[in-house]
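Colleague: Please take me through one part of this model closely. Start from a single surface residue and work inward from there.

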Amino acid sequence: MMVRRVLDVIAKIGDRLATLAWGLARTLRLPPRSILTTIRVAMVMAVVEVLVRRTPLPRVASLLNVRLDLRPSSAPTSPVDVTTLPAVAQRQIVCTNRVADVWPFSDGPCLRRTLVAGRLLRQHDPSIRIGLRGADADMIAHAWLEIDGHPLEDVSDVGAFAIAGAGAA
């Protein structure tokens with residue numbers, strides 16, 4: 001039984017490394033600016049990974065210089081039109097998504113993606129929002145980034161999430 005578990009862990013690690021290798025190969029076909037941004041994102045993601053595992057979230061947000069907003073929000077608003085952001089910000093968002101999609105160290109990358117994007121986009125004064133749905137063992141959390149009260153992603157289904165810190169937990 002123990003051997004089976006070890007083999008399962010090894011297979012999972014192998015799958016994650018294969019995904020990471022595929023992401024790296026895909027990255028090397030990008031323009032030079034995107035390659036450099038992707039490398040920067042990967043370095044920030046590695047720091048965030050260590051921080052998330054060892055440090056309370058409010059402290060992580062503070063260290064990354066990103067606002068953690070746990071106040072109740074109004075109804076979900078339409079997402080930010082990313083094409084209205086400067087080209088550098090657009091590239092940072094795309095590269096953050098690229099790295100988070102192949103990040104092998106977590107199954108749910110939304111918190112890490114949000115922290116990294118918040119760090120890179122901090123000149124736009126983003127806010128990290130966290131929502132919770134369900135209870136006890138069935139609880140699901142989601143994190144997203146907002147700029148000027150508008151999410152960077154479509155969060156129309158987030159209405160089912162109660163904002164953490166708003167009496168939901």
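**From a surface helix to the covered one**

Modeller: Leucine 36 sits in helix α2, which covers residues 32-54. Keep in mind that this is a predicted model. The relative accessible area of leucine 36 is 59%. The cut-off for exposed is over 50%, so leucine 36 counts as exposed. Leu36 has partners out there: together with Ile39 and Met43 it makes a nonpolar surface patch. The three share about 320 Å² of accessible area. In an α-helix, residues three or four places apart point the same way, because a turn takes 3.6 residues.

Now go inward. α2 is among the elements that cover the buried residues of helix α5. The others include α3 (57-63), α4, β2 (126-133) and β3 (140-147). Helix α5 spans residues 110-120, and 10 of its 11 residues are buried. Among them are Leu111, Leu115, Val116 and Leu120. Charged side chains are on that list too: Arg112 and Arg113 are buried.

Take α4 next. This helix has 16 residues and runs 23 Å from first C-alpha to last. That is close to the expected 22 Å. Its buried residues include Ile93, Cys95, Val99 and Val102, along with Arg91 and Arg98.

Last, the loop between β1 (67-68) and α4 (87-102), where aspartate 69 lies. Its relative accessible area is 8%. Buried means under 20%, so aspartate 69 is buried. Its side chain makes a polar contact of 2.8 Å with the side chain of arginine 71. Beyond four places in sequence, aspartate 69 touches Ser127, Ile128 and Arg129.

Definitions and conventions:
Residues are numbered from 1 along each chain as its sequence is written. This is a predicted model: local features need pLDDT of at least 70, side-chain atom pairs count only at pLDDT 80 or more; totals for chains, interfaces and linings use all residues. Side-chain values use heavy atoms; hydrogens and water are left out. Patches are made of residues with over 30% relative accessible area and no salt bridge: like charges are joined within 9 Å, nonpolar side chains (Val, Leu, Ile, Met, Phe, Trp, Tyr) within 5 Å. Accessible areas come from the Shrake-Rupley method with a 1.4 Å probe; for residues, only the protein chains shown count as cover. A salt bridge is a side-chain nitrogen of Lys or Arg within 4 Å of a carboxyl oxygen of Asp or Glu. Helices (H or I, at least four residues) and strands (E, at least two) are DSSP runs, numbered from the N terminus. Buried means under 20% relative accessible area, exposed over 50%, partly exposed in between (1.4 Å probe, protein chains only). A polar contact is a pair of N or O atoms within 3.5 Å; within protein, one must be able to donate a hydrogen and the other to accept it, and residues adjacent in sequence count only if both atoms are side-chain atoms. Contact means heavy atoms within 4.5 Å. The expected span of a helix is 1.5 Å times one less than its number of residues.
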